[in-house]
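Work through the exercises below with the sequence and the model open. Try each task before reading its solution.

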Amino acid sequence: MSFWKKPALVAVSALTAFAVSACGVTSGASDEPKQPKQPSVLELLASDLKGSLLKTAETTDKTDSVTVTMTGTMGGEKISMQGVLDLGDPLKAEMKMTDAKGDTTTVRMIGAVIFAEIPAENRTGTGGKRWMKMDLTGLSKMAGTDFTKQFEDADPVKQVKTLLAIDGTTVVGQETVNGVPTVHYTVTTPVATYLKQIDARRRDATEKALATQGVKELKIDLWVDEQYRPRRAGLVMGTMGDMVIDYTDYDKAVAIETPPPAETTDLAEMLEGLTTTR
């Protein structure tokens, strides 16, 4: 069909429809019963809280990857992270972390192993190697706690399931996040309830950190879009800190690879070497 025929066909169709509707049909009269208006997805998200969160959990559980941007404060220090999550098994992440001074560090996580990029000016002590490997299964419980917590907190699946597991979640209302219509959920929960939802391996350390800061309760927020996908998550931990995570580019192709062994130095081996030489 040539280009001009398409608008012509549309025009003819519209005129035909007008002619038919004008022939013997009185305005407002119809033999067909009116169908009740179906609620929009946003209306369903607001009216059916548990059902919507369950559907969001199901949808998000099928997600392969997502881009995340995290901002907030932790221990009085501003934090900023941006990168991608590969939500397969194992969980993979590559994030650029910016500290309060504006210095940027690239961090990769492959399962329980973290690779932190060593600044070029500090590579003399590692034989010029670019990456520092930290295998959290072989280090103490406290090693890498901050990294793993931030990566796990960024997982949108975890955010949805946390809200489902905690009683008292309410609907704040419809809000726009980064140009996307969403419904905002919120809940404030005691520390003891929140601790049940986090990884048992870091539960004791998290409980101790919260107790030291005098944190009694936490506020959790989640914004869900019309595709039943989280668009933003928020966590306020009293005086200890706060964090906002934005989610974009769902299911975009990502490739997060383990750095080459030739460019990697192992932190555990370095520590063992220092102990041996003493």
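Four exercises follow, each with a worked solution; the model is predicted.

**Exercise 1. Describe the chain as a whole, then find where confidence is low.**

Step 1: take the secondary structure. The protein chain has eight helices and twelve strands.

Step 2: take burial. Of its 278 residues, 38% count as buried.

Step 3: take contact range. Among contacts with a separation of 6 or more, 56% join residues 24 or more positions apart.

Step 4: take confidence. The mean pLDDT of the chain is 80. A pLDDT of 70 or more is reached by 78% of the residues.

Step 5: locate weak stretches. Residues 1-30 stay under 50 in pLDDT, and the model gives them two contacts beyond four places in sequence. Residues 140-145 also stay under 50, with three such contacts.

**Exercise 2. Determine how α3 and α5 pack: which angle, which orientation, which handedness?**

Step 1: set the limits. Helix α3 covers residues 49-61, and helix α5 covers residues 156-165.

Step 2: read the geometry. The two helices pack at an angle of about 155°, and their axes lie 9 Å apart.

Step 3: classify the angle. Angles over 145 degrees count as roughly antiparallel, so α3 is roughly antiparallel to α5.

Step 4: add the handedness. The crossing of α3 and α5 is left-handed.

Step 5: list the contacting residues. From α3 come Lys50, Leu53, Leu54, Thr56, Ala57, Thr60 and Asp61. They meet Pro156, Val157, Val160, Lys161, Leu163 and Leu164 of α5.

**Exercise 3. Place Thr60: is this residue buried or exposed, and what does it touch?**

Step 1: find the element. Thr60 sits in α3.

Step 2: check accessibility. Its relative accessibility is 1%. The cut-off for buried is under 20%, so Thr60 counts as buried.

Step 3: collect the neighbours, leaving out residues up to four places away in sequence. Thr60 touches Pro156, Val157 and Val160, as well as Tyr228, Arg229 and Pro230.

Step 4: connect to Exercise 2. Pro156, Val157 and Val160 are among the α5 residues that meet α3.

**Exercise 4. Do the same for Arg203, and find what its side chain reaches.**

Step 1: find the element. Arg203 belongs to helix α7, residues 203-212.

Step 2: check accessibility. The value is 29%, so Arg203 counts as partly exposed.

Step 3: collect the neighbours. Beyond four places in sequence, Arg203 contacts Leu195, Lys196 and Ile198.

Step 4: look at polar atoms. A polar side-chain atom of Arg203 lies 2.9 Å from the backbone oxygen of Leu195.

Methods
Residues numbered from 1 in each chain as written. Heavy atoms only, no water. Helix = DSSP H or I, 4+ residues; strand = E, 2+ residues; numbered from the N terminus. Buried < 20%, exposed > 50% of the residue type's maximum accessible area, 1.4 Å probe, protein only. Contact = heavy atoms within 4.5 Å. Polar contact = N/O pair within 3.5 Å; in protein donor to acceptor, adjacent residues only side chain to side chain. pLDDT = per-residue confidence, 0-100. Axes fitted to C-alpha atoms, helices over the stretch in contact; angles between N-to-C directions. Parallel < 35°, antiparallel > 145°, perpendicular 65-115°, else oblique. Left-handed = near helix turned anticlockwise from the far one by under 90°.
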